[in-house]
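Here are a few short exercises on charged side chains, each with a worked solution. Have your viewer ready and try each task before reading on.

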Amino acid sequence: MKRIGLAVMAMLLGMAGASAQTIESVYTDFDATRCVMFAPGEADTGIPRQAVCPGYGGYPVLLQTMGDNHSLYFGFPPQGELVSRWASFVDTGTPHDVIEWRVLSEGERQIPLATIQRWFVAAPERDAPIEVLLVQKVGLIEAWQGCIVGYVVATGNPGANETARKMADTLAREPECRAIEPVIEEGTVPLPEYMLYGY
């Protein structure tokens with residue numbers, strides 16, 4: 001009986017530990033003027049300008065700029081690479097000045113799993129830009145794997161924010177980015193054409 005009681009207690013403690021995990025949103029500002037450039041780029045040869053920006057809890061935001069287009073990477077890139085991937089929209093896309101981080105709390109440890117950022121994408125056929133929530137897995141220190149996991153069109157989609165959070169909380173747990181195909185969620189407005197290099 002004593003052995004059974006200890007087993008039950010261990011199981012209950014394990015359940016309590018699992019239930020202690022919570023995922024919450026933390027918001028940081030994004031201001032390109034606060035970024036520090038580390039590579040000037042070469043516009044003529046298609047090499048983007050690269051800069052590092054403040055992020056959450058020591059996790060950087062890496063910004064690449066080429067012409068009017070921008071690409072953002074969150075967290076630490078693969079070893080030996082500064083910024084390894086380019087992800088942007090074909091038409092000019094402008095990122096919002098607020099980044100939502102989905103942060104997993106395990107006791108006193110906080111781990112940023114994913115980011116959600118609203119983009120305003122030029123749409124020549126419309127009077128206003130199309131708003132898209134870009135969901136990205138954060139490159140963690142021990143894993144070095146960051147990538148886009150999904151696109152949620154916010155224009156014409158009233159449940160976009162909650163959809164993006166659910167997407168972030170599930171897909172960002174995948175161990176490797178190459179195992180993830182970006183998920184696309186649209187409302188009444190289709191997703192603008194996007195481009196990915198180096199994925």
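**Exercise 1.** Work out what kind of contact the side chains of R102 and D169 make, and which parts of the chain it ties together.

*Solution.* Start with the distance: in this predicted model, an N to O separation of 2.7 Å puts R102 and D169 in a salt bridge. Next, place the partners: R102 belongs to strand β8 (residues 98-106), while D169 sits in helix α2 (residues 160-171), so the contact links parts 67 residues apart in sequence. Finally, check accessibility, where buried means under 20%. R102 has 9% relative accessibility and is buried; D169, at 17%, is buried as well.

**Exercise 2.** Decide whether R109 and E106 are buried or partly exposed, and find how far apart their closest N and O atoms are.

*Solution.* First the geometry: the closest N and O atoms of R109 and E106 are 4.0 Å apart, and the two residues form a salt bridge. Then the surface: R109 is partly exposed at 45% relative accessibility, and E106 is partly exposed too, with 31%.

**Exercise 3.** Starting from E162 and R165, find which residues are joined into one network by shared salt-bridge partners.

*Solution.* Begin with the pair itself: E162 and R165 form a salt bridge, with 3.9 Å between the closest N and O atoms. Both are in helix α2, 3 residues apart, or about one turn of the helix. Now follow the shared partners: E100, E162 and R165 make up one network.

**Exercise 4.** How many salt bridges does a search of the whole structure find?

*Solution.* Run over the whole structure, the search gives 5 salt bridges.

How values were computed:
Residues numbered from 1 in each chain as written. Predicted model: local features only at pLDDT ≥ 70, side-chain atom pairs only at ≥ 80, totals over all residues. Heavy atoms only, no water. Helix = DSSP H or I, 4+ residues; strand = E, 2+ residues; numbered from the N terminus. Buried < 20%, exposed > 50% of the residue type's maximum accessible area, 1.4 Å probe, protein only.
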